[in-house]
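Subject: Handing over the model

Hi there,

Here is the structure I promised to pass on to you. Have a look at it first, and then read on for what turned up in it.

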Amino acid sequence: MILKSQVEWALHCCAVLAGLPPGRTLSTKALAEFHGLPKEYLSKALQALSQAGLVEGTLGPSGGYRLRQPPEAVSFLDIVEAVEGKARSFACQNIRANNPCRPQGFCDAAPCAIARIMWEADEAWRRHLRGVRLSDLLAMLGSEIPEEQRRRSLEWLLGRAGQLAD
């Protein structure tokens with residue numbers, strides 16, 4: 001399965017937004033610059049996150065995006081489905097019905113074993129992503145990224161962050 005590159009972008013942007021202090025926002029331009037991405041394409045991923053209710057955008061010169069919910073409430077699956085949709089990753093075309101040796105009506109009552117296995121795998125993948133929260137990612141990054149790198153990144157981001165109006 002190959003996910004859209006916008007899924008990776010959305011996950012990284014949500015990770016950055018999850019680390020912002022309360023009341024701060026980041027513009028599409030700042031997020032694009034931080035990740036080295038084209039602003040026009042990144043804005044589509046951010047719009048998908050906004051439409052799914054995961055982030056909220058503010059307008060104006062200091063406008064930008066912030067998480068709508070705390071990091072503990074946002075799963076990786078929420079973000080993936082905001083960009084990719086909720087459809088299964090495997091779409092059975094029932095090609096077994098094309099078998100010239102198949103008797104009429106044979107195996108028509110239920111999905112084939114291949115489809116069931118693929119759907120089970122898809123559900124296992126979704127179950128795993130459903131169990132991973134942005135807060136889990138922040139904890140992982142806190143132990144994997146050196147303190148100096150985290151500090152420099154946060155300073156860079158805060159230098160471009162907007163402030164919510166009171």
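Contact here means heavy atoms within 4.5 Å. With that in hand, Arg96 is a good place to begin: setting aside neighbours within four places in sequence, Arg96 is in contact with Arg102, Cys107, Ala110, Pro111 and Cys112. Please keep in mind throughout that this is a predicted model.

Arg96 belongs to the loop between H4 and H5. Its relative accessible area is 23%, which makes Arg96 partly exposed. From Arg96 to Ala109 is 13 residues along the chain, and the C-alpha atoms of the two are separated by 13 Å.

Thr28 can be read in the same manner. This residue lies in helix H2, and with a relative accessible area of 13% Thr28 is buried. Not counting residues up to four places away in sequence, Thr28 touches Lys39, Leu42, Ser43, Leu46 and Tyr65.

Next, helix H5

Helix H5 runs over residues 113-130, which is 18 residues. At 1.5 Å a residue the helix should span 26 Å, and the C-alpha atoms at its ends are 25 Å apart, so the two values agree. Which residues of H5 are buried? They are Ala115, Asp122, Arg126 and Leu129. These four cover an arc of only 60 degrees around the axis, so they sit on the same side of H5. The buried residues of H5 pack against helix H4 (76-84). Turn to the other side of H5 and you will find Ile117, Glu120, Arg127 and His128, which are exposed.

Two of the buried residues also meet each other: Asp122 and Arg126 form a salt bridge through their side chains, at 2.8 Å from N to O. They are four residues apart in helix H5, so about one helical turn separates them. In general, an α-helix has 3.6 residues a turn, so residues three or four places apart point the same way. The relative accessibility of Asp122 is 5%, so Asp122 counts as buried. For Arg126 the value is 7%, and Arg126 therefore counts as buried too.

The other salt bridges

How many salt bridges does the structure hold? There are eight, and the pair in H5 is one of them.

Glu147 and Arg150 form another, with their side chains meeting at 2.3 Å, N to O. This pair is three residues apart in helix H7, so the separation is about one helical turn. Glu147 has 51% relative accessibility and so counts as exposed, the cut-off being over 50%. Arg150 is partly exposed, with a relative accessible area of 30%.

A further salt bridge joins Glu56 to Arg68, whose closest N and O atoms are 3.7 Å apart. That pair links distant parts of the chain, 12 residues apart: Glu56 is in strand E2 (residues 55-58), while Arg68 is in the loop between strand E3 (64-67) and H4. Arg68 counts as partly exposed, at 46% relative accessibility. Glu56 and Arg68 also belong, together with Arg66, to a network of salt bridges.

Rings, and charges over them

How many aromatic pairs are there? The count comes to one. It is formed by Phe34 and Trp156, with ring centres 5.3 Å apart and planes at 45 degrees, so the pair is tilted. Phe34 is in helix H2 (residues 28-35) and Trp156 is in helix H7 (residues 147-158), so the pair ties together parts that are 122 residues apart in sequence. Phe34 is partly exposed, at 30% relative accessibility. Trp156 is partly exposed as well, with a relative accessible area of 23%.

Trp156 has a charged partner besides: the charged end of Arg160 sits over the ring of Trp156, 3.7 Å from its centre. Elsewhere, Arg88 lies over the face of Trp119, at 4.0 Å from the ring centre.

If you would like one place to start your own look, helix H5 brings several of these points together: its buried residues pack against H4, and Asp122 and Arg126 meet there in a salt bridge.

All the best

Notes. Residues are numbered from 1 along each chain as its sequence is written. This is a predicted model: local features need pLDDT of at least 70, side-chain atom pairs count only at pLDDT 80 or more; totals for chains, interfaces and linings use all residues. Side-chain values use heavy atoms; hydrogens and water are left out. Helices (H or I, at least four residues) and strands (E, at least two) are DSSP runs, numbered from the N terminus. The expected span of a helix is 1.5 Å times one less than its number of residues. Buried means under 20% relative accessible area, exposed over 50%, partly exposed in between (1.4 Å probe, protein chains only). The arc is that of the directions from the helix axis to the C-beta atoms. Rings of Phe, Tyr and Trp (its six-membered ring) pair if their centres lie within 6.5 Å; planes under 30 degrees apart count as stacked, over 60 as edge-to-face and the rest as tilted. A charge sits over a ring if NZ of Lys or CZ of Arg is within 6 Å of the ring centre and within 35 degrees of the ring normal. A salt bridge is a side-chain nitrogen of Lys or Arg within 4 Å of a carboxyl oxygen of Asp or Glu.
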